[in-house]
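Grab a pencil and work through these exercises one at a time. Try each task yourself before you read the solution.

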Amino acid sequence: PWFIENYRKHNPDIPLTVCDFGLSIEASRYINSKADYVVDYELHENCSWFLKPQTLIDVNNAEKKVWIDIDCEIMGDISEIFDYIEDGKIATAPDRYHSWGCKCQTGVFGVKEIPPILTVWAEACVKPTNRGDQEILWDIIKNKPQNQCWIPEEFNWLRIALERGNDISDKKIVHWTGEAGKKIIRKKIKK
């Protein structure tokens, strides 16, 4: 509810598709009553976040599509994010904080239709090896920049940026990553 309420508050006119990767019956009823579209998936053998690229392949109700992780707090109108999505590319925000040099984030990313890079990423996520979806994508695009374009950071402002004293006033989305981020979300929900 926290994610959907924040989304609807700031973006009432942008259709919302929610992907159900194994929610409880109660949560499933809730999203079916609040989302414009719901896509149901079987539980993934590893972790549902590896289904992100496949989800944007499967969701065919819009030409331009944006994935937003559930631990993201929507803080403003995000309609301009679609302006940064280019044909044949995957649009991501930069990651200035990754511990081993991954330069793009995948908590928020966008595509137009189904660019080939999205299919390559989805296939690489089928059997991941000791990496997350973000690191898999970075390994694919780091030497092929023609397959990627940038979303401004205000559409995926990281928790770690705030912890390091880096803030901007026009954040549209804050990504509350990691266990520290989940604690912050729990506090926000209890208010």
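A residue is called buried when its relative accessible area is under 20%, exposed when it is over 50%, and partly exposed in between (1.4 Å probe, protein chains only). You're looking at a predicted model, where local features need pLDDT of at least 70, side-chain atom pairs count only at pLDDT 80 or more, and totals for chains, interfaces and linings use all residues. Residues are numbered from 1 along each chain as its sequence is written, and side-chain values use heavy atoms, with hydrogens and water left out.

**Exercise 1. Salt bridges**

Task: Find the salt bridge between Asp 69 and Lys 52, and work out where each partner sits.

Solution:
- Step 1: Start with the rule. A salt bridge is a side-chain nitrogen of Lys or Arg within 4 Å of a carboxyl oxygen of Asp or Glu. Side chains of opposite charge can pair when their charged atoms come close.
- Step 2: Check the distance. The closest N and O atoms of Asp 69 and Lys 52 are 3.1 Å apart, and the two form a salt bridge.
- Step 3: Place the partners. Asp 69 is in the loop between strand S3 (64-68) and strand S4 (72-74), while Lys 52 belongs to helix H3 (residues 52-58); this pair, 17 residues apart, links distant parts of the chain. Helices (H or I, at least four residues) and strands (E, at least two) are DSSP runs, numbered from the N terminus.
- Step 4: Look at the burial. Asp 69 has 13% relative accessibility, so it counts as buried. Lys 52 is buried too, with a relative accessible area of 4%.

Task: How many salt bridges does the structure hold? Then look at two other pairs.

Solution:
- Step 1: The count is 14 salt bridges.
- Step 2: Glu 86 and Lys 89 are one such pair, at 3.2 Å from N to O. Glu 86 is partly exposed, at 37% relative accessibility.
- Step 3: Glu 153 and Arg 96 also pair up, again with 3.2 Å from N to O. Glu 153 lies in the loop between strand S7 (148-150) and strand S8 (157-158), and Arg 96 in the loop between strand S5 (90-94) and S6, so the salt bridge ties together parts that are 57 residues apart in sequence.
- Step 4: Glu 153 has a relative accessible area of 18%, so it is buried.
- Step 5: Now for a network: Lys 52, Asp 69 and Asp 133 are joined into one by salt bridges that share partners.

**Exercise 2. An unusual backbone angle**

Task: What is the sign of phi at Glu 113, and where does this residue sit?

Solution:
- Step 1: Recall the usual case. Most residues other than glycine have a negative phi.
- Step 2: Glu 113 isn't a glycine, yet its phi is positive, about 55°.
- Step 3: You'll find Glu 113 in the loop between strand S6 (104-112) and helix H4 (116-124).
- Step 4: With a relative accessible area of 46%, Glu 113 is partly exposed.

**Exercise 3. Inside and outside**

Task: Is Val 108 buried or exposed? And which residues does Val 108 touch?

Solution:
- Step 1: Val 108 is part of strand S6.
- Step 2: Its relative accessible area is 1%, so Val 108 is buried.
- Step 3: Contact means heavy atoms within 4.5 Å. Not counting residues up to four places away in sequence, Val 108 touches a list of residues including Val 66, Trp 67, Phe 155 and Ile 173.

Task: Compare that with Ile 184, which lies in helix H7 (residues 178-190).

Solution:
- Step 1: Ile 184 has a relative accessible area of 26%, so it is partly exposed.
- Step 2: Leaving out residues up to four places away in sequence, Ile 184 touches Arg 159 and Trp 176.
- Step 3: The C-alpha atoms of Val 108 and Ile 184 are separated by 19 Å, and the two residues are 76 apart along the chain.

**Exercise 4. Packing of a helix**

Task: Which residues of helix H1 (residues 2-10) are buried?

Solution:
- Step 1: They are Trp 2, Phe 3, Ile 4, Asn 6 and Tyr 7.
- Step 2: These buried residues of H1 pack against strand S1 (17-20), helix H2 (25-34), S3, S4 and H7.
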